[in-house]
Amino acid sequence: MRVMRRTAAVVALVLGGAGPVAGQYFGQNKVQYRTFDWKIIQTEHFDVYYYDREREAALDAARMAERAYARLSRVLHHEFRGRKPIILYASHSDFQQTNALPGEVSEGTQGVTEFFKHRMVLPFTGAYADFEHVLQHEMVHQFQYDVYSRGRPGSGIQTLIRVNPPGWFMEGMAEYLSLGPIDPHTAMWLRDAALEGKLPSIEELSYNPYIFPYRFGHAIFSYVGERWGDEVVGEILQASATGGIEGAVKRATGLTLEQLSDDWRDAVQTTYLPQLADHYRARRIAQVVLNQRRTSGTYNLAPALTPDGRQVAFFSERNGFFVDLWLADAETGRVRRRLVRSALSSNYESLRFIFSSGAFSPDGRYFAIAVKHEDRDDLVILDVRRGREERRIEVPLNGLQTPSWSPDGQQLVFTGFDGGLSDLYLINRDGSGLRRLTHDRYADLQPVWSPDGTTLAFTTDRGPDTDFDLLRFGNLRIALLQLESGRIELPEKMDQGKNINPQWSPDGRSLAFVSDRTGISNIFLYDLADGEVYQLTDFFTGASGISALSPVLSWAREADRLAFAYYEDGSHNVYALENPRSLR
């Protein structure tokens, strides 16, 4: 099951994961605001459930599923006896209404596979490459459960209880077989853990519920795959059903779990600790604004500066159970007040804090965010000075993310989800005049308005490397949409690695963005005049939110001040950088 866990069960992050095992049941009552008219696409190995609005995306998902099955069945030495269910939702809001799963679906859950019926349940994410990762992750769980139940859904519970596979095993295998070798996001976790002396052993990962298993499990199976080959991963899974985890690892690698743990930890430290001399921490070039000492929270996410750069809105759990929206002084980090309390109000059932961010109006008085309300996402405009909701706009879409104001404060642009696909939309601040700017299968994310009001910068997978017939998806890159003509430009040198979260400089002559083109998520600058890309930072861990696609940056419109989220010592903190272009 793709979810993110925090220490005492605070925030559910973004990965995927195994579903419940014992003591839970399915089909229990949950608030459903509308009825879904399910249709089925039957492929050779799957029954893909969808509703009409998401048919186009569902057809692509069915092809992705069969392609993934062909690879995973070979690697894991296993074939399904019958078709497995895949239940698709057009957005996270729709997904959170599912009755195929017990309990509430958290903001961070991207997909779940339950044990008894081997049902995979997941929403579209707006970016096909990201969705395919989750689809493959959950399919690995289907294979795991099928092995443990010997191909008979509903049986095998005794085997699962006896084997008792830990999170690093189940989720790490799923991450490795869906992502491949260590990616920049997992590498960031490893560098940080090695630097802070907190790299866990396999024994600690097996028994300590406070250690997030996904990244470290991914790294362990990457080590196994690199050293012994991917076929050994399948051998370990098959052998674990009869001989347990320890016996399976010993049989496939010749090492005990303790020996494997020691070898893996040595390899991580040998790889990453020498790199410390070539990079630096954020505090070397920037001022810390929000960290645990100042906010009492370890998740300080999606910073949004006021136009004058003096205040910052951010998401944080602040040692509570839910992630709320807060306002703080952008220089001292002193938290001034809570702007929105989530989950305890039916109007704010969930804040979109992982893949979305909010934005201040040009006069700094209003703040726009996306919030879950019943069966949809609303665009909410808060009056920050009065501490109340100014306007709530019901958008007739499956979901929305990352609103951004026009320079005159009369319109907002945002990413909207329709039928599982993401596009850019404009709307007037009074809720009228909804206008669709793009209409295709490309990912169109994180739009932001230029200071002169003529251009939108956004994140997309457009370009020659994306081919929907072949289901091949290029790197996320930064694109420019000219509002008058509707023409989309793809600047050169903006497609190396993953490039996200563009932010305009106050004068509109350049764009800051986050890229992992060097293997580490750093802040880069694109100069519109000379068309060159300049690296501004050279961090040891990375400029990052919870997920690899989380918003990270905010550049104040009236002040040459850039705020960014930074991962360090297992926490997400916010730093501020004055005159960022001086670093080029």
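**Note on three buried polar residues and a set of helix packings**

1. Asn-300 has a relative accessibility of 0% and therefore counts as buried, the cut-off for that class being under 20%. The structure under discussion is a predicted model, and the remarks below should be read with that in mind. Asn-300 belongs to strand β8, which covers residues 300–305.

2. The side chain of Asn-300 takes part in two contacts that deserve a look in the viewer. One is a polar contact of 2.9 Å with the side chain of Thr-295, and another runs from the Asn-300 side chain to the backbone oxygen of Gly-297, at 3.2 Å. Beyond its neighbours within four places in sequence, Asn-300 touches Leu-290, Asn-291, Gln-292, Thr-295, Phe-314, Phe-315, Ser-316, Ala-565, His-572, Asn-573 and Val-574.

3. Asn-573, named among those contacts of Asn-300, sits in strand β31, residues 571–578. With a relative accessibility of 7%, Asn-573 is likewise classed as buried, and its side chain is joined to that of Glu-568 by a polar contact of 2.8 Å. Setting aside neighbours within four places in sequence, Asn-573 is in contact with Leu-290, Asn-291, Gln-292, Asn-300, Phe-564, Ala-565, Tyr-566 and Glu-568. Leu-290, Asn-291, Gln-292 and Ala-565 thus appear in the contact lists of both Asn-300 and Asn-573.

4. Ser-450 is placed in a loop, the one between β21 (444–449) and β22 (455–460), and at 2% relative accessibility it counts as buried. Outside the neighbours within four places in sequence, its contacts are Pro-407, Thr-455 and Trp-504. Ser-450 can also be related to Trp-405, from which it is separated by 45 residues in sequence and by 9.6 Å in space, taken from C-alpha to C-alpha.

5. Turning to the helices, α5 (residues 167–179) packs on α8 (residues 213–228) at an angle of about 65 degrees, and their axes are 7 Å apart. The two are therefore roughly perpendicular to each other, and the crossing of α5 past α8 is right-handed. Residues that meet here include Trp-168, Phe-169, Met-173 and Tyr-176 from α5, and Tyr-214, Ile-220 and Phe-221 from α8. Sorted by class, this contact of α5 with α8 holds nine nonpolar, six polar and three charged residues.

6. Helix α5 also meets α9 (residues 231–253), where the axes come within 12 Å and cross at roughly 165 degrees, which makes the pair roughly antiparallel. This crossing of α5 and α9 is left-handed. Trp-168, Phe-169, Met-173, Tyr-176 and Leu-177 of α5 face Val-233, Ile-236, Leu-237, Ser-240 and Ile-245 of α9, and by class the contact comprises nine nonpolar residues, one polar residue and no charged ones.

7. Helix α8, for its part, has a further contact with α10 (residues 257–272), the axes coming within 10 Å and crossing at roughly 95 degrees, so that α8 is roughly perpendicular to α10. On the α8 side the contact is formed by Phe-216, Ala-219, Ile-220, Tyr-223, Val-224, Arg-227 and Trp-228, and on the α10 side by Leu-260, Asp-263, Trp-264 and Ala-267. The residues divide into nine nonpolar, no polar and two charged. Ile-220 of α8 is listed in this contact with α10 and also in the contact with α5.

How values were computed: Residues are numbered from 1 along each chain as its sequence is written. This is a predicted model: local features need pLDDT of at least 70, side-chain atom pairs count only at pLDDT 80 or more; totals for chains, interfaces and linings use all residues. Side-chain values use heavy atoms; hydrogens and water are left out. Axes are lines fitted to C-alpha atoms, for helices over the stretch in contact, and angles run from 0 to 180 degrees between N-to-C directions. Helices (H or I, at least four residues) and strands (E, at least two) are DSSP runs, numbered from the N terminus. Angles under 35 degrees count as roughly parallel, over 145 as roughly antiparallel, 65 to 115 as roughly perpendicular and the rest as oblique. A crossing is left-handed if the near helix is turned anticlockwise from the far one by less than a right angle, and right-handed if clockwise. Contact means heavy atoms within 4.5 Å. Ala, Val, Leu, Ile, Met, Phe, Trp, Tyr, Cys and Pro count as nonpolar, Asp, Glu, Lys and Arg as charged, and the others, Gly among them, as polar. Buried means under 20% relative accessible area, exposed over 50%, partly exposed in between (1.4 Å probe, protein chains only). A polar contact is a pair of N or O atoms within 3.5 Å; within protein, one must be able to donate a hydrogen and the other to accept it, and residues adjacent in sequence count only if both atoms are side-chain atoms.
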